[in-house]
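Reader: I should like to learn how a sheet and its single residues are read from a model. May we go through one together?

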Amino acid sequence: MDRHLVDLPPVVDMNTRTIPKLDESIADYIHTDLTPRWSDLDANQHVNSAKYIDLILESMPISILECHELSNMTIEYRRECGRDNVLKSLTHVLNGGEGGGFVDFDCIECEHSLQLMDGANIVKARTKWKLKFVHSFRNLGQ
């Protein structure tokens with residue numbers, strides 16, 4: 001490790017905004033009946049914390065995923081999830097185009113919730129998406 005980096009304090013970006021509970025009445029996109037796969041589990045038979053990101057993104061609209069890239073994510077882990085749990089993934093788009101027209105937005109922010117089917121929260125998250133470089137370059141020529 002480089003000598004001059006050893007004595008520096010860690011960089012901690014504390015996001016103090018709370019992530020509100022998301023329910024089906026405010027969610028723009030919902031994907032239900034998700035079940036963890038065997039490969040999603042850790043040694044304790046719980047879903048690996050990194051796999052929660054995949055499950056959260058199941059409810060993201062394709063139009064955002066195609067034109068934007070994830071630039072920031074804040075996650076609050078609320079409880080564990082096992083292989084027998086059936087889940088639902090909810091996404092609420094805070095800003096963006098009406099009717100899925102997200103391609104013209106440079107930055108999109110979303111709130112997410114991964115829940116048991118009874119509504120109990122497993123994970124809450126906030127994501128920020130920036131326009132992919134290829135799409136940004138195309139927009140400059142127009």
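Author: We shall take the sheet, then two residues.

Author: This is a predicted model, in which local features need pLDDT of at least 70, side-chain atom pairs count only at pLDDT 80 or more, and totals for chains, interfaces and linings use all residues. Residues are numbered from 1 along each chain as its sequence is written, and side-chain values use heavy atoms, with hydrogens and water left out.

Reader: In what order do the 5 strands of the open sheet stand?

Author: Strands (E, at least two residues) are DSSP runs, numbered from the N terminus, and two of them pair if DSSP finds at least two bridges between them. Here the order is β1-β3-β4-β5-β2, with antiparallel pairing. Because β1 (29-34) and β2 (68-77) stand at the edges with a single partner strand each, one side of each has no neighbour in the sheet.

Reader: How many bridges join β1 and β3?

Author: β1 pairs with β3 (residues 87-93) over 4 bridges, in the antiparallel sense. Tyr29, for example, has Thr91 in β3 as its bridge partner.

Reader: Is Asp33 buried or exposed?

Author: Buried means under 20% relative accessible area, exposed over 50%, and partly exposed in between (1.4 Å probe, protein chains only). Asp33, in strand β1, has a relative accessible area of 54% and is therefore exposed. Asp33 is not a glycine, yet its phi is positive, about 60°.

Reader: Where is Gln45 placed?

Author: Gln45 belongs to the loop between β1 and α2 (51-57). Its phi is positive, about 65°, although Gln45 is not a glycine. With a relative accessible area of 32%, Gln45 is partly exposed.
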